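Let's go through this one by asking what earns each label. The structure comes up next, and the questions follow.

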Amino acid sequence: MQLDSKVPSGPIEQAWDRARFDMKLVNPANKRKYSVIVVGSGLAGASAAATLAELGYSVKCLCFQGSPRRAHSIAAQGGINAAKNYQNDGDSVYRLFYDTVKGGDFRSREANVYRLAHISTAIIDQCTAQGVPFAREYGGTLSNRSFGGAQVSRTFYARGQTGQQLLLGAYQALERQVHVGGVTMLANTEMLDLVVIDGRARGIVTRNLLTGTIESHVADAVVLATGGYGNVYYLSTNAKGSNCTAIWRAHKKGAAFANPCFTQIHPTCIPVSGDYQSKLTLMSESLRNDGRIWVPIKAGDKRPPDQIPESERDYYLERRYPSFGNLVPRDVASRNAKAVCDDGRGVGESGLGVYLDFADSIHRLGRQAIVERYGNLFEMYERITGEDPYKFPMRIYPAIHYTMGGLWVDYQLMSTIPGLFVIGEANFSDHGANRLGASALMQGLSDGYFVIPYTLGNYLANTKLEKLEATHGNFRASEAAVTAMTERLLAINGNRTVASFHRELGKIMWDYCGMSRTAAGLETAIQKIRRLKDEFWRNVKVAGGPEGLNQSLESAGRLADFFELAELMCIDARDRNESCGGHFREEFQTPEGEALRDDEHYSYVAAWEYAANGAAPVLNREPLEFRYVHPSQRSYK
Amino acid sequence: MSIQMSATVVGGHPNRASRFYAAPIGKKAVMAVTGVVLFGFVLGHLAGNLQVFEGQHQLDSYAAFLKATPVLLWGTRLVLLVSVILHIVASIQLTQMKRAARPVAYAKKNNSHSSFASRTMMWSGPFIAFFIAFHLMHFTLGTGQPNFNGAAVFGNIVQAFQSPLVAFFYIFAMLLLGTHLHHGLYSMFQTLGANHPSFMPVIKRVAALGAILITAGFIAIPVAVLAGVIHT
Amino acid sequence: MNLTLHVWRQNSASDKGRMVRYEARDVNPDMSFLEMLDVVNEELILKGDNPIAFDHDCREGVCGSCGFMINGVAHGPSHGTAVCQLHMRHYKDGDVLFLEPWRARAFPVVKDLYVDRKALDRIIAAGGYISVSTGSAPDGNAILVPKDKSDRAMDAAACIGCGACVAACPNASAALFTGAKISHLGLLPQGQPERRQRALSMVAQAAAEGFGHCTNIGECEAVCPKEIKLEVIARMNRDFLKASWTSRQKPLAGSDG
């Protein structure tokens, strides 16, 4: 497989302008003759579908949820970065670019990251004009806060519901296009296969989740905006429905999967309380701006927090990282939490938790200031745990939150299958081995509003596509394959539910491919996953039939793909003999226990090619070049 | 599967007024505005009625004054008639809409957050309409009153309310009118778009107080007759 | 704790449906309500029965997917909370719970507790947006928005579109939902150019979808998981009344008219 990143030559500051100038344009009158399918309606999908329709393309957008507004971008809390430098505190496009490459531990593609930083400012303008109610100063200007390890205040936010408000902005733009007929919206519809004809992505096969009908959709290009695959761990902060099916089935049709083992573990989630637990709830990391993280100094100290005197508390992040303190990047904060819990100093009944304490801030700023900043988060915490965080420190623990890996794309956001574009969290491109806080929203909207409208047009203008009908043999074959898989799942009629398999898979992944990994552990995990997958196909019990709403069948199909992806994640993690960002291999660490990169051997993107019939996946390497931000050991001391 | 897919709908109306009335808010606004008119009448009617406490002469001469001014009397009656008809027609249409909007009822429904008055508008309204008809026959046409004399309003009142049955029926009707006004008065402001966090609590209190005072005023008359305070 | 559940079971839109009784055993008070149903469903699946269908996704109270009636109250007894964040510690051993889907003509039942709420999307499509195509926006700080207006816009924009307001309303009215979007956009300077047209279009669409009217009684406000206030309905009414009598624009094309 040839990986051509198509990064424009010359100075990085002008790369995107040059790329845009070099693109071929589609005649405005011809745009409506081109059909585009956008799979997913989160920030990336909704913004792409709306913008492509504004340009005049005939767009079909689908989502598995009942409405595009329910995509999981809605749950993002903290904010969105942009290099506006409204605070006059030394921010710039270059600094955002620099921070993102460094934060990603030098495993992202510089040119993509620069473009992201460059576009970030236009996103804020666009969203503000749409009526996104960003936080404001009394004079009416936009307000910012510093977030997740950044030393400038460049994060725009709408209370603790930034993702919701940005998504509603994109959703409204999308509905506006639905109203004028530019977008055909297919809600409650799940993509089950990608159809490739003559080497190009030419459509998809879907299941209508309300009726069970299998349908083919022909298009000139397909855009996947289906989010991340964190649910491979069963417990994650993702929505229950978030899944890897669309990208995995595209992968099986030839799209390379890049850096699958790069997953982000978010440091501030509410700890697990029992076996029945169905998901984990994130508490925005903005809480770390005013909360102090600590555990008791003594192992096994089970006193309630208010009875542990100041001198017997270990504010371990402030101690170990004096300059960043509680604001170290996510991977560092998470690993340290795990380390203190492994020492037996974790708090709460399970011992898997650390305190996030607001007592000092409440004392310093007053309760009202804290209510204003975090009121809804505090309420949410109290609803879930039954404890009042104004009185007792919160208990938090890391949880799977985001996946930096995804389908490989070039600078044009096109996968290794021509005509198949991948945007947002579903691709791998911008965050390297670790994503900085408030960057996911930025990337989703950058890809959707400002990148794909150009690059997709360029593809269409340069490509001669034959007219096709859904009766084409490849569509028929995909429909048959999808139907056969459904029938097979329903016919097993074993003794275990889908959820019980999923919980077990999640446990394997968390134990062996979670916050820290070893070669031997990953080997064990691969064997366990294979065994569990075999059992799944022999012993799962899926309720109901192929017709109508069948949530048991939906989750079974998604889990079948998670099994295969889980194995690839472990293979990728085992193959990468270094520690970087969220990928921490215990064998590779500094004497102080920090991640130890191996730039000589692993400064590349691992793009895996699917091999049919159980053969080992094939590794392709895209070497990474750092011409502007020179790799260094990340230090937050 | 019958998932309905109506296209987005705007327009289709020949003019502003019909488009306005077609919308539920339009109908509600008609109810609010006619409600204001009817409320004004109720106030005026109460002021007139309370003259009963000034004695026979005062009330009867007030009645005579009204009868001697047909423009005022019939003008008022016409406005009231139009208002009542619009109020009732709009409410019937809205009720039909409500029924259509929820074809399958809940097995269990807890409506504890709304006021008693608001939830009883649906039957306090029709009852008041029935009461108005009865009241007109009773005191304007004299139906069922052997000694009815159109000019001797005072006498008619005292005679009628000396029957406890009639008096209690009136009292009951006025209580319902009170609850209807209570929600109606507050609701009018909300429907016409006047809701402000600083004023709404005041409006709610004024609505409640107004409804209580009006009810008390009306009820005072049959009570006074029954108690023998007012007599011929 | 042990609970008795009476759950509305309906196989499809055309099925008549009925209440079915289930026992939920050994419920942990730290479970969320949906996790309790997950456990019931796993037992049903293993017994060869169909699990109870209910919509859900984020389970963080923000996607608006979940929602059903618990003992006649939309999203259950916890104030300002979607059912996914309702925890079982609010119940005690022996409680009897009736679970029913949202009931409204505009929300057809798909299965059991799962209803189709696309009517709400169509209300937004009718005008719940600011028409600004990508690329045409001025600098973010070129539009000054007073903080109090921005905060109030945010209060209204917090709506998650779950439909609890419709479910709780005796008239199955979507006034709180529609009013929230009209208020969010109408409070902001960016929303002014289309303010009147928006009110006319969205109100007409809500009626066309078969939602009832508002009788100002406040059941919606009481169950709203985002605590949207009745004030948004007054604002919608105000905008609609003004627009009806003063707007010089013709209704938008692309409609039935």
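Q: How many residues does the contact take from chain B and from chain C?
A: It takes 51 residues from chain B and 65 residues from chain C, where contact means heavy atoms within 4.5 Å. Before going on, a word on the ground rules: this is a predicted model, with local features needing pLDDT of at least 70 and side-chain atom pairs counting only at pLDDT 80 or more, while totals for chains, interfaces and linings use all residues. Residues are numbered from 1 along each chain as its sequence is written, chains are lettered from A and ligands numbered from 1 in the order in which they are written, and side-chain values use heavy atoms, with hydrogens and water left out.

Q: What makes up the area that chain B and chain C bury between them?
A: They bury about 5,000 Å², with 58% of it on carbon and sulfur atoms. Buried area here is the accessible area (1.4 Å probe) that two parts lose on being put together, summed over both.

Q: How many salt bridges does the rule find across the interface of chain B and chain C?
A: Zero. The rule asks for a side-chain nitrogen of Lys or Arg within 4 Å of a carboxyl oxygen of Asp or Glu. By class, the side of chain B that touches chain C has 24 nonpolar, 19 polar and eight charged residues. For those classes, Ala, Val, Leu, Ile, Met, Phe, Trp, Tyr, Cys and Pro count as nonpolar, Asp, Glu, Lys and Arg as charged, and the others, Gly among them, as polar.

Q: Why is the pair C:Asp139 and A:Lys84 called a salt bridge?
A: Their side chains meet at 2.9 Å, N to O, and the cut-off is 4 Å, so the pair qualifies. The count between chain C and chain A is four salt bridges. Across that interface there are also 48 residue pairs in polar contact, both at pLDDT 80 or more.

Q: Which element gives the largest share of the side of chain C that touches chain A?
A: That is H3(C), with seven residues. In all, 80 residues of chain C are in contact with 77 residues of chain A, and the two chains bury about 6,200 Å² between them, 50% of it on carbon and sulfur atoms.

Q: How do you know that A:Cys261 is in no disulfide?
A: A disulfide is a pair of cysteine sulfur atoms within 2.5 Å, and the nearest cysteine sulfur, that of A:Cys513, is 6.4 Å away, so A:Cys261 doesn't make it. The structure holds zero disulfides over all chains. A:Cys341 is in none either: the nearest cysteine sulfur, that of A:Cys269, is 13 Å away.

Q: Why is A:Cys341 called buried?
A: Its relative accessible area is 9%, and buried means under 20% (1.4 Å probe, protein chains only), so A:Cys341 fits. A:Cys261, at 0%, counts as buried too.

Q: What makes A:Ser579 buried?
A: Its relative accessibility is 0%, so A:Ser579 counts as buried. A:Ser579 sits in the loop between helix H16 (551-575) and helix H17 (599-602) of chain A.

Q: What makes A:Ser579 and A:Arg585 a polar contact?
A: A polar atom of the A:Ser579 side chain lies 2.8 Å from the backbone nitrogen of A:Arg585. The rule wants a pair of N or O atoms within 3.5 Å; within protein, one must be able to donate a hydrogen and the other to accept it, and residues adjacent in sequence count only if both atoms are side-chain atoms. At 2.8 Å, the pair is inside that distance cut-off.

Technical notes. Buried means under 20% relative accessible area, exposed over 50%, partly exposed in between (1.4 Å probe, protein chains only). Helices (H or I, at least four residues) and strands (E, at least two) are DSSP runs, numbered from the N terminus.
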